[in-house]
Amino acid sequence: MNDLDERLRGAFTARAESTTVDYRIDVGSTLTPSATVPSRSWTPTVAIAAVTVAIMVVGLALISRSTAEDEAPATVPPPASTAAVTTPLPADLGINPLLPEVFPTLAADDPRQAQATAAYSGFFIFASTQAGRAIIGRIESGRLVDPMAVSVYADADEIAFDLAGDQVVIAGTTYERHYVGTGQWTLVLRGETDTVITGADPETFVAATGGIPVTGVTLPPDGGVSFSLTPLPVGYEVIVEPATYPTRSPIVNLTFGSEATDSFGQVTVGRLSDLLRQATPSSFHQVDVNGTSGWASEPPARTVGIVIWRVAPATWATTIAATPTEALDLARSVRFVDEATWQATYNVVRPESFALQTSTD
Amino acid sequence: MFSVETGVSVDDDFERLYRNELDGLVRLAHLLTGSNVAADDIAHEAFLKVRDRWSSLENPGAYLRVVTVNLSRNWSRSDRRRSAREQRFATADSDAADDVDGHEELLALVDHLPFRQRAVLVARYWLDLPESEIAELVGCRPGTVKSLASRALRILREELS
């Protein structure tokens, strides 16, 4: 063993021994009693896709929820969904900017409304905000074909893979190549920032285009990664525009029925497009959701249907139901209101813990 | 009306894990970030993440360590972007209550290494992990561990000389 090895061992030991450890008894006891991990029984079916980016939907320790049955208000305001898009941005109203811009409800005369349960249900969690992400793909006969997730990370160290990769040279450039599961491959181009593309066959795409179609990468001082997509090859389109998503963006939902019945359904609304999680390993086709273009899953038999569409400039909704038809029907039935109306309708109170989630860092 | 969704209860095992592992995690994060204050926060955040996934973890201790490395990496990178590390480097770490007699120069150099190089050194020389486990911890191939360590040691030798 050489001298530097010894010096490193000594230095690390010295620093470790100097470390003070704050046993936050209050934190420890706070962690334990709130001790429920909320479970949605159909989550495993839905979560088939979480492979390309480190996104998780996790429940909150504190979940406030109420049913319309419990204390239903006298009336349910049924604003048109088209009006919801013009709702002032939460930031403009001094509201937590990471909350959805609009909140889901059903028409007062919708028979599902009586059973509907609303909740602040958790957070979308990215491993970090230090990345921008987009989805590109082709639309052929209304189907999303060859979808690929394009991400730019501020630092190579942000990216971790479960499986070791190898190196490939494409058009004279060396990429790391990793298999990330469910038939999906990722190419990583290391540099000052790190560019990543994930899909069923990103190598063919990159070989045809001469590179990952990213330009204008900037690291804004307030966090995140901004980039633009270069002109895409003929036939390819931007499906989800490049954006940085906050590490902990609250999501809200509206649920009725149960998985044990054929009538269950759920609407989830948040700042994240579920296409970022779902598009690359699943099949989707375009659908019309009250005049807005959305995406419906093409699920294998006996799995749920999913519809994803944008409902405000930075807010997306996802419906989940027993079948694709029911998911689309639910999407078309949802109305969007502001948070106060939603809270009043379902007697929901924003958990105090959400007040902490105001930073994107 | 409020209610809490039914779920998997976190029992005494979590508390036991917290008591058993916190010390080592804070030390690990301290070595990876150079900041005792950040290390405390990182270790506790790691426990929060483990709590969230408690029901699905087969080896919470190993997961804790990986999460701690990832959080330390995020902290180091964001810290770097704020240039705080540069300042800390120049001012000999105002945060630290380090009692590291004779090791200040070397630790300052280690703190200045790219994160993965630093993590590989900590995993090798403090955790005494084999290369395969270092690769899992750092999130790279075993072969990359060698090259990261080699580059780190070369930089340190050059700086020290």
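In the hairpin formed by β6(A) and β7(A), two residues lie between the strands, and S141(A) adopts a positive phi near 50° there. I should say at once that this is a predicted model, and that I shall treat it as such throughout.

Let me stay with the two strands of that hairpin. β6(A), residues 131-140, and β7(A), residues 143-153, are antiparallel, with nine bridges between them. On its other pairing, β6(A) is joined by five bridges to β14(A), residues 236-243, and this pair is also antiparallel. One residue illustrates both pairings. R133(A) has S151(A) as its bridge partner in β7(A), and R133(A) stands opposite A243(A) in β14(A). How much of β6(A) is buried? Seven of the 10 residues in β6(A) are buried, so that the strand is mostly covered.

β7(A) contains a further backbone feature. D146(A), which lies in this strand, has a phi near 50°, a positive value in a residue that is not glycine. Is D146(A) exposed, buried or in between? D146(A) counts as partly exposed, because 17 other C-beta atoms lie within 10 Å, whereas a buried residue would need 20 or more.

I turn now to helix α7(A), residues 324-333. Its buried residues are A327(A), L328(A), L330(A) and A331(A). These residues span an arc of only 160° around the axis, and therefore sit on the same side of α7(A). The general background is that an α-helix has 3.6 residues a turn, so residues three or four places apart point the same way. Which elements cover that side of the helix? The cover over the buried residues of α7(A) includes strands β16, β17, β18, β19, β20 and β21 of chain A.

One of those covering strands, β19(A), runs over residues 305-312, and A312(A) is placed in it. A312(A) has 19 C-beta neighbours inside 10 Å and therefore counts as partly exposed; the threshold for a buried residue is 20 or more. A312(A) also brings together distant parts of the sequence: its C-alpha atom is 6.6 Å from that of E101(A), although the two residues are 211 apart along the chain.

Chain B has another composition. It contains eight helices and one strand, and the strand comes at the N-terminal end of the series, with the helices following. Of its 161 residues, 47% count as buried. Among contacts in chain B with a separation of 6 or more, 55% are between residues 24 or more positions apart.

Here confidence deserves attention. The mean pLDDT of chain B is 75, with 73% of its residues at 70 or more. Where is confidence lowest, and where is it highest, in chain B? Strand β1(B), residues 7-9, has the lowest mean, 29, and helix α6(B), residues 115-125, has the highest, 92. Over residues 1-10 of chain B the pLDDT is below 50, although the model gives this stretch 26 contacts beyond near neighbours in sequence. Residues 81-97 of chain B likewise stay under 50, with 23 contacts beyond four places in sequence. Where pLDDT is low, the predicted coordinates should not be read in detail.

A last local point in chain B concerns D128(B), in the loop between α6(B) and α7(B). Phi of D128(B) is near 55°, again positive in a residue other than glycine. D128(B) is exposed, because it has 9 other C-beta atoms within 10 Å, and the limit for exposure is 12 or fewer.

For the complex, the predictor gives an ipTM of 0.82 and a pTM of 0.52.

Key: Residues numbered from 1 in each chain as written. Chains lettered and ligands numbered in written order. Predicted model: local features only at pLDDT ≥ 70, side-chain atom pairs only at ≥ 80, totals over all residues. Helix = DSSP H or I, 4+ residues; strand = E, 2+ residues; numbered from the N terminus. Pairing = 2+ DSSP bridges. Contact = placed C-beta atoms within 7 Å. Arc of directions from axis to C-beta. pLDDT = per-residue confidence, 0-100.
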